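Biologist: I'd like to learn how to read a model like this one. Could you walk me through it, feature by feature?

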Number of protein chains: 2
Amino acid sequence: MANVVVLGAGMMGTALCVPLLDRGHRVHLVGTHLDGEIIRAMEETGVHPGLGCALPPGARCFPVEQLDRAMEGVEVVALGVSSAGVRWAGRALAPFARPGLPVLLVSKGLHWDGSCLRLLPDVLLEELPETLRAAIHPVAIAGPCIAGELARRVESCVVFSGREAAVLGQLAALVRTGYYHVRTSPDLPGNEVCAALKNAYAMAVGFGTGLHQRRGGAAGASVAMHNYGAAVFAQALGEMERLVRLAGGAAGAAAGLAGAGDLMVTCQGGRTGRFGRWLGLGLTLDEAIGQMAGATLECLEIIRVVGGALPALQAAGLLATDELPLLRHLYAVALGGTAVNVPFDRFFGG
Amino acid sequence: MANVVVLGAGMMGTALCVPLLDRGHRVHLVGTHLDGEIIRAMEETGVHPGLGCALPPGARCFPVEQLDRAMEGVEVVALGVSSAGVRWAGRALAPFARPGLPVLLVSKGLHWDGSCLRLLPDVLLEELPETLRAAIHPVAIAGPCIAGELARRVESCVVFSGREAAVLGQLAALVRTGYYHVRTSPDLPGNEVCAALKNAYAMAVGFGTGLHQRRGGAAGASVAMHNYGAAVFAQALGEMERLVRLAGGAAGAAAGLAGAGDLMVTCQGGRTGRFGRWLGLGLTLDEAIGQMAGATLECLEIIRVVGGALPALQAAGLLATDELPLLRHLYAVALGGTAVNVPFDRFFGG
């Protein structure tokens with residue numbers, strides 16, 4: 001049994017409490033400054049408003065103002081913040097950090113520092129005291145895991161990645177259950193690049209559904225534009241693999257849980273696919289955003305980051321101009337207002 | 001313009017006529033002895049009963065008895081038969097074969113000869129006169145392509161694979177259109193193994209949909225058992241890649257059009273996924289087959305072939321007993337009547 005603090009009471013952070021509680025750990029769930037309403041609702045009703053279900057008995061909820069209290073006796077920290085919240089989480093964690101503290105990260109994304117795409121675990125470390133940066137080895141979670149399903153104990157396979165095998169094994173052993181199947185991998189760059197990019201590419205897979213409906217096709221038809229979506233899916237894996245190589249990840253990462261697995265699940269159940277559908281239906285970017293009722297669109301953020309990095313990567317000779325044609329199109333759609341028109345003839349090295 | 005004979009008037013063979021006709025070729029569509037009704041219907045109404053749509057003007061339909069007439073002046077042959085029909089097609093083709101005749105194959109499957117998994121293009125060659133076997137270089141089509149969508153000119157990306165670059169390039173150039181995007185690849189074993197196995201694995205992805213409904217979940221819900229299906233999907237790609245290696249294919253084939261792309265499309269629109277859903281719902285194998293109204297279930301055939309080959313492959317030291325846990329489970333379900341219980345803990349080398 002360990003004392004675990006989960007910082008961030010969004011859907012994924014909260015869902016992660018379920019296997020932790022089922023394993024008998026003492027869990028403190030701390031909302032960020034954006035989670036005030038969620039923490040209040042959970043204290044009053046026990047139910048997480050986004051997940052629509054309650055946690056198993058034993059979790060204690062804290063607002064961010066009570067982080068100090070929640071952190072008393074902490075042995076393991078899990079960060080359930082969005083990619084934009086990683087620096088904040090690092091600063092919040094800093095006063096409590098100590099050498100060897102196991103830190104688990106559910107955030108998915110990449111940062112661009114002007115010359116290099118940075119992984120979120122490394123961005124997190126930058127916010128910790130300099131003396132601790134070599135003594136803490138964050139572990140990142142990737143793989144197909146819709147939070148609402150994990151919270152309901154649906155069989156899920158994920159991959160924990162980190163640079164320090166001992167911490168990796170310890171965290172996996174701590175949270176693994178009969179329904180939460182945790183593999184471990186030393187390939188932090190490969191898995192993190194896939195985890196981040198899948199949102200961008202799931203949007204593109206969704207285009208086909210929208211185009212089909214725009215042409216008068218019925219939703220859920222077996223003859224629709226599945227060929228279109230599947231071609232985009234395969235091209236997405238090829239482009240992810242190229243970006244994995246650029247980041248120094250292992251060959252084959254894109255075909256694994258963090259790549260193909262997470263892309264698949266995001267196309268099935270996620271808001272990103274729905275957002276892509278609106279664009280395929282012919283809505284402008286602003287109209288499509290308007291349809292999403294304020295949902296966080298990580299897809300636009302990752303397209304902005306990676307698409308914006310392309311000119312510098314090309315100038316540095318790291319990437320040719322004819323590579324990543326799908327990502328370039330997504331950048332033009334999401335940042336330049338271009339209409340959806342997937343460049344199939346440039347796919348697969350064409 | 002070329003004189004093209006398409007032998008086999010099933011959905012895929014007939015759909016392939018659409019880009020051929022759009023490119024201005026003279027197309028003769030010849031039914032097999034199983035396609036009598038289809039040919040009669042097409043001659044009377046113009047509409048293919050399975051596809052539910054008509055071919056563009058210019059195609060001529062022939063019953064199998066008129067194969068001789070259809071073959072007059074033939075320059076290119078496309079075989080649109082099922083995997084079980086490949087030997088028959090080879091024998092039917094033999095009297096008309098000549099050195100250098102371009103042959104295109106839409107059939108997907110593998111044969112087991114007792115010591116080796118054989119590719120269908122090689123099985124086809126066995127039925128041709130011995131003097132021709134080194135002088136004909138069949139080209140196989142793989143990739144995500146639902147016939148009903150190709151027949152309606154939905155954007156589709158496929159890969160043509162063959163051992164002879166000149167024939168490959170010639171056939172791709174002959175049929176490529178603005179909506180039928182043809183890539184070429186020398187990796188015949190890699191792409192053919194993926195094309196064959198995707199039916200087996202799509203059945204497994206469908207289990208999750210059935211299990212979800214069995215537990216009272218609504219069809220199409222965004223919180224369902226998508227995590228389950230996506231984990232199966234990623235494991236499937238890993239197992240395909242292992243089988244590709246066994247067959248001497250190129251690394252990464254499973255992540256491409258023939259693997260991930262075709263698996264994705266089969267999970268979306270195909271009968272194989274529906275069949276898997278019935279099994280996930282708890283029906284016995286015979287009950288599930290009964291629900292499919294006589295549809296050809298290529299998934300059962302490929303599971304029988306490859307699953308049945310495993311003991312010999314292990315005995316030959318080509319495969320370890322803990323490899324391919326998902327395929328082994330599918331074999332137990334499809335041949336041994338075992339209930340669906342996917343071994344997630346043995347996935348990803350666990």
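**Reading the model**

Modeller: Let's begin with a single residue and its neighbours. Leaving aside residues up to four places away in sequence, A:A147 touches A:M11, A:M12, A:A15 and A:L51. Keep in mind that this is a predicted model.

Biologist: Where does A:A147 sit, and is A:A147 buried or exposed?

Modeller: A:A147 belongs to helix α6 of chain A, residues 147-150. With a relative accessible area of 8%, A:A147 is buried. The C-alpha atoms of A:A147 and A:A41 are 18 Å apart, with their positions 106 residues apart along the chain.

Biologist: How should I think about a nonpolar core, and which residues touch the most other members here?

Modeller: In soluble globular proteins, nonpolar side chains tend to be buried together. Here the largest nonpolar core has 138 residues, and A:L197 and B:L197 touch the most other members. Not counting residues up to four places away in sequence, the contacts of A:L197 are A:L110, A:M240, A:L243, A:I302, A:V306 and A:L327.

Biologist: What about disulfides: how many does a search of the whole structure find?

Modeller: A disulfide is a covalent bond between the sulfur atoms of two cysteines. Searching the whole structure gives zero, over all chains.

Biologist: Why is A:C61 without a bond to A:C17?

Modeller: Because the sulfur of A:C17, the closest cysteine sulfur to that of A:C61, is 7.7 Å away, too far for a bond; the cut-off is 2.5 Å. A:C157 is in no disulfide either, with the nearest cysteine sulfur, in A:C145, 9.7 Å away. Both cysteines are buried: A:C61 has 17% relative accessibility, and A:C157 has a relative accessible area of 1%.

Biologist: Now the two chains. What rotation superposes chain A on chain B?

Modeller: Two copies of a chain are related by a rotation about an axis and a shift along it. In this case the rotation is 180° and the shift along the axis is 0.0 Å, with an RMSD of 0.0 Å. That is the relation of a two-fold axis. Within chain A, A:A255 has the C-alpha nearest the axis, 2.7 Å from it.

Biologist: And through which surface do the copies meet?

Modeller: Through the same surface, because 100% of the interface residues of chain A are also interface residues in chain B. For a residue with contacts in the other chain, try A:H226, in helix α9 of chain A, residues 226-246. A:H226 touches A:A221 as well as B:I146, B:E149, B:V265, B:Q268 and B:G269, not counting residues up to four places away in sequence. A:H226 is buried, at 16% relative accessible area.

How values were computed
Residues are numbered from 1 along each chain as its sequence is written. Chains are lettered from A and ligands numbered from 1 in the order in which they are written. This is a predicted model: local features need pLDDT of at least 70, side-chain atom pairs count only at pLDDT 80 or more; totals for chains, interfaces and linings use all residues. Side-chain values use heavy atoms; hydrogens and water are left out. Helices (H or I, at least four residues) and strands (E, at least two) are DSSP runs, numbered from the N terminus. Buried means under 20% relative accessible area, exposed over 50%, partly exposed in between (1.4 Å probe, protein chains only). Contact means heavy atoms within 4.5 Å. A nonpolar core is a set of buried Ala, Val, Leu, Ile, Met, Phe, Trp, Tyr and Cys residues joined through side-chain atoms within 4.5 Å. Copies are superposed by least squares on the C-alpha atoms of residues with pLDDT of at least 70 in both.
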